[in-house]
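User: I would like to go through this model one question at a time. Please keep the answers short and end each on the value or name I ask for.

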Amino acid sequence: MIALVTGANRGIGREVCRQLAAAGHTVVLTARSLQPAAAAAAELGPDVHPLLLDVTSEESVARAAEAVAERFGRLDALVNNAAITYDTWQRAENADLDVVRETAETNLYGPWRMVQAFLPLLRAGGHARVVNVSSEAASLTGMGGGTPAYTTTKVALNALTRMLAAELRGDGILVNAVCPGWVATDMGGAGGRPVADGAAGVVWAATLPDNDPTGGFFRDGRPLPW
């Protein structure tokens, strides 16, 4: 299997790469700067390949798709992990909408842009998987106030997940959203659960067998309420 993970030089993305490579898969580890990507890939082994990728740039995404096409000819799993701005200092009533727009470029339009650019390679694999790394904060069921930029963009990512799952079902492409839970990363902060535990649910969705769920929202392989 050929898998690509965005925002993967540290945190959950890096651990997803490690677990996929440990399971025998070939992994493309991407980051906005090549040096951190190369350093992380070197630590993870020969089956992990670094690639420069900024999900907010159409040109960068297009170049990455060309590079993957030239080297591998297909893509079996796309993990849209890159995310920014856990804006605990904001409330919806007075949020800086410029911050919301900037957040959407990475958290929503980034995954959307990635799927569009890599869709020919995903179709070439015959049974590809797309995993959108989301958050239970995006569940409307228990939603309250706070973190408006992060939360609204993850809600929109969940909606995109549902639409893509319906549209790509006929291509054999499974599209799911995964919440890794509160994980002890630079974004999540101290006190969360181990990174390996959060990443495991993402890897599960990236390696689902054919005829498994699509258009779902999961944590640790179990459904979450929308």
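User: Does Asp220 count as buried, partly exposed or exposed, and at what relative accessibility?
Analyst: This is a predicted model. Asp220 is found in the loop between strand E7 (217-219) and E8, and has a positive phi of about 55° although it is not a glycine. Buried means under 20% relative accessible area and exposed means over 50%. Asp220 therefore counts as partly exposed, at 32%.

User: Which residue in the loop between E4 and H4 has a positive phi although it is not a glycine?
Analyst: The loop between E4 and H4 holds the residue in question. Its phi is about 65°, and the residue is Thr85.

User: What is the order of the strands in the open sheet?
Analyst: The sheet has 8 strands, and their pairing is mixed. Its edge strands, each pairing on one side only, are strand E3 (48-52) and strand E8 (222-223). Read across, the order is E3-E2-E1-E4-E5-E6-E7-E8.

User: Which residues of E4 and E2 does Ala3 pair with?
Analyst: E1 is joined to strand E4 (residues 77-80) by 3 bridges, and the two run parallel. With strand E2 (residues 26-31), E1 also pairs in the parallel sense, over 4 bridges. Opposite Ala3 in E4 stands Ala77, and in E2 the bridge partner of Ala3 is Val27.

User: Are the residues on the two faces of E1 buried or exposed?
Analyst: Strand E1 covers residues 2-5, with Ile2 and Leu4 on one side. Ala3 and Val5 are on the other side. Both faces are covered, and these four residues are all buried.

User: Which helix makes a β-α-β unit with E1 and E2, and of what hand is the unit?
Analyst: E1 and E2 pair in the parallel sense. The unit they make with the helix is right-handed, and the helix is H1 (residues 11-22).

User: What angle does the direction of H2 make with that of E3, and what angle does the direction of H3 make with it?
Analyst: E3 is joined to E2 by 5 bridges and runs parallel to it; Thr30 has Leu51 of E3 as its bridge partner. Helix H2 (residues 34-44) packs on the sheet, touching E2 and E3, and its direction makes about 175° with that of E3. Helix H3 (residues 58-71) also packs on the sheet, touching E1 and E3, and for H3 the angle with E3 is about 150°.

User: How are H4 and H5 oriented to each other?
Analyst: Helix H4 (residues 97-107) and helix H5 (residues 109-125) pack with their axes 3 Å apart, at an angle of about 30°. Angles under 35 degrees count as roughly parallel. H4 and H5 are therefore roughly parallel.

User: How many nonpolar, polar and charged residues are in the contact of H4 with H5?
Analyst: From H4 the contact draws on Ala104, Glu105, Thr106 and Asn107. H5 contributes Tyr109, Gly110, Pro111 and Arg113. By class these are 3 nonpolar, 3 polar and 2 charged residues.

User: What is the relative accessible area of Val115?
Analyst: Val115 lies in helix H5. Leaving aside its neighbours within four places in sequence, Val115 is in contact with Leu78, Asn80, Val130 and Leu164. Buried means under 20% relative accessible area. Val115 is buried, at 4%.

User: How many residues of strand E6 are buried?
Analyst: Leu174, Asn176 and Val178 point one way from E6, and Val175 and Ala177 point the other way. All of these are buried, so strand E6 (residues 174-178) is largely enclosed by the rest of the structure. The count is 5 of the 5 residues.

User: Which residue of E7 is the bridge partner of Ala177?
Analyst: E6 pairs in the parallel sense with strand E5 (residues 129-133) over 5 bridges, and there Val130 stands opposite Val175. E6 and E7 also pair in the parallel sense, over 2 bridges. In E7 the bridge partner of Ala177 is Phe217.

User: Which helix joins E5 and E6 in a right-handed β-α-β unit?
Analyst: The strands E5 and E6 pair in the parallel sense. The helix that makes the right-handed unit with them is H6 (residues 148-168).

Methods. Residues are numbered from 1 along each chain as its sequence is written. This is a predicted model: local features need pLDDT of at least 70, side-chain atom pairs count only at pLDDT 80 or more; totals for chains, interfaces and linings use all residues. Side-chain values use heavy atoms; hydrogens and water are left out. Buried means under 20% relative accessible area, exposed over 50%, partly exposed in between (1.4 Å probe, protein chains only). Two strands pair if DSSP finds at least two bridges between them. A crossover is right-handed if, with the strands pointing away from the viewer, the path from the first strand over the helix to the second runs clockwise. Contact means heavy atoms within 4.5 Å. Axes are lines fitted to C-alpha atoms, for helices over the stretch in contact, and angles run from 0 to 180 degrees between N-to-C directions. Angles under 35 degrees count as roughly parallel, over 145 as roughly antiparallel, 65 to 115 as roughly perpendicular and the rest as oblique. Ala, Val, Leu, Ile, Met, Phe, Trp, Tyr, Cys and Pro count as nonpolar, Asp, Glu, Lys and Arg as charged, and the others, Gly among them, as polar.
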